[in-house]
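Welcome! Take a moment to look over the sequence and the structure below, and then let us walk through them together.

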2 protein chains.
Amino acid sequence: MTIQYIFGNILKQIRENRGISQEKLAFDSSLDRTYISMLERGKRKPTINTIFSICNALHMKPSELLQLVELEFDNQPH
Amino acid sequence: MTIQYIFGNILKQIRENRGISQEKLAFDSSLDRTYISMLERGKRKPTINTIFSICNALHMKPSELLQLVELEFDNQPH
DNA sequence: GTGTAGACTGGCGTCGACA
DNA sequence: TTGTCGACGCCAGTCTACA
């Protein structure tokens with residue numbers, strides 16, 4: 001269970017809760033749709049700038065998003 | 001005033017408050033010393049994994065670090 | 001202890017296309 | 001609407017070395 005996998009799951013969850021498409025999220029965050037797809041499937045590790053862009057598009061704070069990630073990450077068996 | 005520049009300043013601040021060297025931080029976070037140097041000077045944008053590694057070495061939560069960054073970022077004139 | 005330089009590998013992030 | 005593929009440019013991150 002890697003960090004980017006957890007990040008992707010949470011991102012997908014939040015996006016679907018917002019009821020918006022990958023396409024719209026990509027447009028609002030000035031990123032590529034295929035890249036959003038890869039992120040949600042844990043295939044890519046976003047940089048801090050990418051995290052800020054996505055959070056800006058989702059109207060949430062980067063710290064809030066990372067808190068969700070770290071909560072699930074610390075909850076992993078290891 | 002870019003995100004990575006603010007991130008670097010805060011990282012340097014925290015590290016110096018801890019009283020540890022770039023060398024020790026690099027070792028504890030399994031990163032290269034020259035890369036820590038570049039990060040602190042805003043020359044590089046860390047990935048989410050790198051952020052987690054550094055925060056782990058600093059005994060702080062990634063969300064806490066990002067909160068400091070976003071507070072200063074939102075405080076910028078634009 | 002830190003900044004910087006150069007060279008390098010791998011991966012971030014883009015783009016067009018098709019199922 | 002999303003996943004994936006291939007190709008691509010550029011930068012994340014490493015390493016050696018020197019001031």
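## Starting at strand C

A good place to begin is Ser37(B): a polar atom of its side chain sits 2.9 Å from a phosphate oxygen of DNA strand C. Please keep in mind that this is a predicted model. Gln22(B) also reaches a phosphate oxygen of DNA strand C, here with a backbone N or O atom at 2.6 Å. From the other chain, Thr50(A) has a side-chain N or O atom 2.6 Å from a phosphate oxygen of this strand, DNA strand C.

Which elements give two or more residues to the surface near DNA strand C? They are helix 3 of chain A, along with helix 2 (22-28) and helix 3 of chain B. In total, 20 residues surround DNA strand C, and the closest are Tyr35(A), Arg44(A), Thr50(A), Gln22(B) and Arg41(B). Of the strand C atoms that come within 4 Å of the protein, 63% belong to sugar and phosphate. The surface near DNA strand C is made up of nine charged, eight polar and three nonpolar residues.

## Turning to strand D

DNA strand D is surrounded by 20 residues, with Gln22(A), Tyr35(B), Arg44(B), Thr47(B) and Thr50(B) the closest. Two of the contacts go to phosphate oxygens: a side-chain N or O atom of Tyr35(B) lies 2.3 Å from one, and a side-chain N or O atom of Arg44(B) lies 3.3 Å from one. Arg33(A) meets a base instead, with a polar side-chain atom 2.8 Å from a base oxygen of DNA strand D.

Helix 2 (22-28) and helix 3 (33-40) of chain A, together with helix 3 (33-40) of chain B, each give two or more residues to the surface near DNA strand D. Sugar or phosphate holds 63% of the strand D atoms within 4 Å of the protein, and bases hold the rest. By class, this surface has nine charged, eight polar and three nonpolar residues.

## Where the two protein chains meet

Now for the protein partners: 18 residues of chain A are in contact with 18 residues of chain B. Ile48(A), Phe52(A) and Glu70(A) supply 35% of the area that chain A buries against chain B, more than any other three residues. Together the chains bury about 1,700 Å², 74% of it on carbon and sulfur atoms.

How many salt bridges are there between chain A and chain B? The count is zero, while six residue pairs are in polar contact. On the side of chain A that touches chain B, helix 1 (3-18), helix 4 (48-57) and helix 5 (62-74) each supply at least two residues. Helix 5 of chain A gives the largest share, seven residues. That side of chain A divides into ten nonpolar, five polar and three charged residues.

Notes: Residues are numbered from 1 along each chain as its sequence is written. Chains are lettered from A and ligands numbered from 1 in the order in which they are written. This is a predicted model: local features need pLDDT of at least 70, side-chain atom pairs count only at pLDDT 80 or more; totals for chains, interfaces and linings use all residues. Side-chain values use heavy atoms; hydrogens and water are left out. Contact means heavy atoms within 4.5 Å. Buried area is the accessible area (1.4 Å probe) that two parts lose on being put together, summed over both. A salt bridge is a side-chain nitrogen of Lys or Arg within 4 Å of a carboxyl oxygen of Asp or Glu. A polar contact is a pair of N or O atoms within 3.5 Å; within protein, one must be able to donate a hydrogen and the other to accept it, and residues adjacent in sequence count only if both atoms are side-chain atoms. Helices (H or I, at least four residues) and strands (E, at least two) are DSSP runs, numbered from the N terminus. Ala, Val, Leu, Ile, Met, Phe, Trp, Tyr, Cys and Pro count as nonpolar, Asp, Glu, Lys and Arg as charged, and the others, Gly among them, as polar. A residue is near a molecule or strand if one of its heavy atoms lies within 4 Å of it.
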